[in-house]
Amino acid sequence: MAIREDVVVVGGGLAGMSAALSAAETGATVRLLSHKKSTLRHASGLVDCLGYTGDDGPLADPYTGLSDLPDDHPYRVVGESAIREGFDRFDSVVGDSYLGNHTDTNALVPTQAGTIKPTARYPASMAAGLASDTRSTLLVGFEGLSDFDAPLAADRLAAAGVPFDVRGVTLRFPKEFRADAKLTRYARALDRDEEPDKDRAPRFDGVRRALAELVRPKLDGAERVGFPSLVGDDENDAVRDDLEKRLGVPVFELAASPPSLPGVRLESLFLAALDEAGVRRTTGNPVVDYESEDGALTTVYTDKSGQRVPYGADQFVLATGGLVGKGIGSSRDGVREPVFDCHIPHPEDRYDWSATDAFGDQPFARFGVVPDDDLRPLDAAGDVEFSNLRAAGSVLGGADFAAQKCGSGVSLATGHVAGERAGALI
């Protein structure tokens, strides 16, 4: 017998979680099936709406750029009101952990690479570091953390024309870790305020105080201090507040490259919201097959250690991700959607999938399923694949998420619409 719910969502990323929450809000019972950890763990933690359209940008107001997008862009399919509703749902999930909901204007957030990212929502831990702020800035990196070169990031920010003086220094963290230690190890040490190594900080108890004492002589008039995204994990606010009191200046985290603690924190907020909404979650098992009847899906099957486990529902949502998240597969034979074998239009000649200019318009970036106005995937003839299946997030075609800086917003908007419409039909 199949395990039954009203709605089954396949995919546990931002789009899938948004769809599950929207469906649950209608009163439907919901199950979320996910194979691997969410790609949020590899994201910066920033939540974009729209940063660029073609050569235009960064956009001050992302909503002014919607009319410049092509007709097949997911934003044009669901409309501006759905985008705003998707962000409203996001705001209700994250509360005061994120900022930016007071305005339509994009914030400009510095990254660990020394670039500036236009974004609609950003963690509170990054608030003091906005590029629009004119306060002089010190960036602090640590020996052994090869992913962040503070002096280089500072030079790149200065070259980008930021309206503040910026310097970077590299210090020895007060506690020594293995050469391959992850960011989480540094964050955990700050969470617990572990004892520093005596050969690195012989006069201080507690790694937070030791770190502040190492940074203070380097301030030289800097009015704020930026660290890589490791200023605590579970105790991020407390660690940041402690460092600010000891240094006497605001402390912020820089938007991170993978692995990303801000992304992990965001995932945790959404998982807590799913639990509160009563969404049942099944993780670690891929969806490998399905059954349909009269043009509608009836059951999907997961593979649990070689055993097929059936999940039945009245409505389904596909939110498995794009090429990066393996929601779209490619081989020499073509491009395909691997769960329901939904049609993905693409040139037959593989050489037409990409442009020779690495920074040019790349056709593969827009590969994805083609939806109707109800987000139901269409087949090659333009007919609905399954009457009770909707798609959300980066499995949808028509958007270049990397170039347009719109991936999170598309996931929130289309996830909200797909989940709400699926739940409303129960």
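Me: How many Å apart are the mean positions of the positive and negative charges of the protein?
Reply: The model is a predicted one, and the charges in question are those of Lys and Arg on the positive side and of Asp and Glu on the negative side. There are 45 positive and 67 negative charges in the protein, and the separation between their mean positions is 8 Å.

Me: What radius of gyration does the protein have, set beside that of a compact globule?
Reply: The C-alpha atoms, taken along the principal axes, fill a box of roughly 75 × 45 × 40 Å. For 426 residues a compact globule would come out near 22 Å, and the protein agrees with that expectation because its radius of gyration is 23 Å.

Me: What percentage of the contacts in the protein with a separation of 6 or more is between residues 24 or more positions apart?
Reply: The secondary structure of the protein consists of 10 helices and 19 strands, and 53% of its 426 residues are buried. Among the contacts with a separation of 6 or more, the part that joins residues 24 or more positions apart is 65%.

Me: What share of the exposed area do carbon and sulfur atoms supply?
Reply: The area that the protein exposes is about 18,900 Å². Of this area, the share supplied by carbon and sulfur atoms is 46%.

Me: Which helix gives the most residues to the largest nonpolar core?
Reply: The largest nonpolar core has 74 residues, and the members that touch the most other members are Tyr75, Phe270 and Phe340. The element that gives the most to this core, with 8 residues, is helix H1, residues 14–25.

Me: How many residues are in the other core, which lies apart from the largest one?
Reply: Tyr75, one of the residues that touch the most other members of the largest core, has contacts beyond four places in sequence that include Leu50, Leu66, Ile83, Cys406 and Val410. Apart from that core lies another, with Phe142, Leu211, Leu243 and Val251 among its members, and its number of residues is 27.

Me: Is Phe204 buried or exposed?
Reply: Phe204 sits in the loop between helix H5 (183–192) and helix H6 (207–215), where, leaving out residues up to four places away in sequence, it touches Pro196, Lys198, Arg209, Ala210 and Glu213. Pro174 is 30 residues from Phe204 in sequence, with a C-alpha to C-alpha distance of 9.7 Å. The cut-off for burial is under 20% relative accessible area, and because Phe204 has a relative accessibility of 9%, it counts as buried.

Me: In which loop is Asp193, with its positive phi?
Reply: Asp193 has phi near 50 degrees, which is a positive value in a residue other than glycine. Its relative accessibility is 29%, so Asp193 counts as partly exposed. The place of Asp193 is the loop between H5 and H6.

Me: What is the relative accessible area of Asp341?
Reply: Asp341 lies in the loop between strand E18 (334–336) and strand E19 (389–391), and its phi, near 55 degrees, is positive although the residue is not glycine. Asp341 counts as partly exposed because its relative accessible area is 48%.

Me: What distance separates the C-alpha atoms of Asp237 and Ala355?
Reply: Asp237 belongs to helix H7, residues 236–247, and with a relative accessibility of 48% it counts as partly exposed. Asp237 and Ala355 are 118 residues apart along the chain, and their C-alpha atoms are separated by 44 Å.

Key: Residues numbered from 1 in each chain as written. Predicted model: local features only at pLDDT ≥ 70, side-chain atom pairs only at ≥ 80, totals over all residues. Heavy atoms only, no water. Helix = DSSP H or I, 4+ residues; strand = E, 2+ residues; numbered from the N terminus. Buried < 20%, exposed > 50% of the residue type's maximum accessible area, 1.4 Å probe, protein only. Contact = heavy atoms within 4.5 Å. Rg over C-alpha atoms; globule rule 2.2 N^0.38 Å. Areas by Shrake-Rupley, 256 points an atom, 1.4 Å probe, with all protein chains shown as cover. Charge placed at Lys NZ, Arg CZ, Asp CG, Glu CD. Core = buried A, V, L, I, M, F, W, Y, C linked by side-chain atoms within 4.5 Å.
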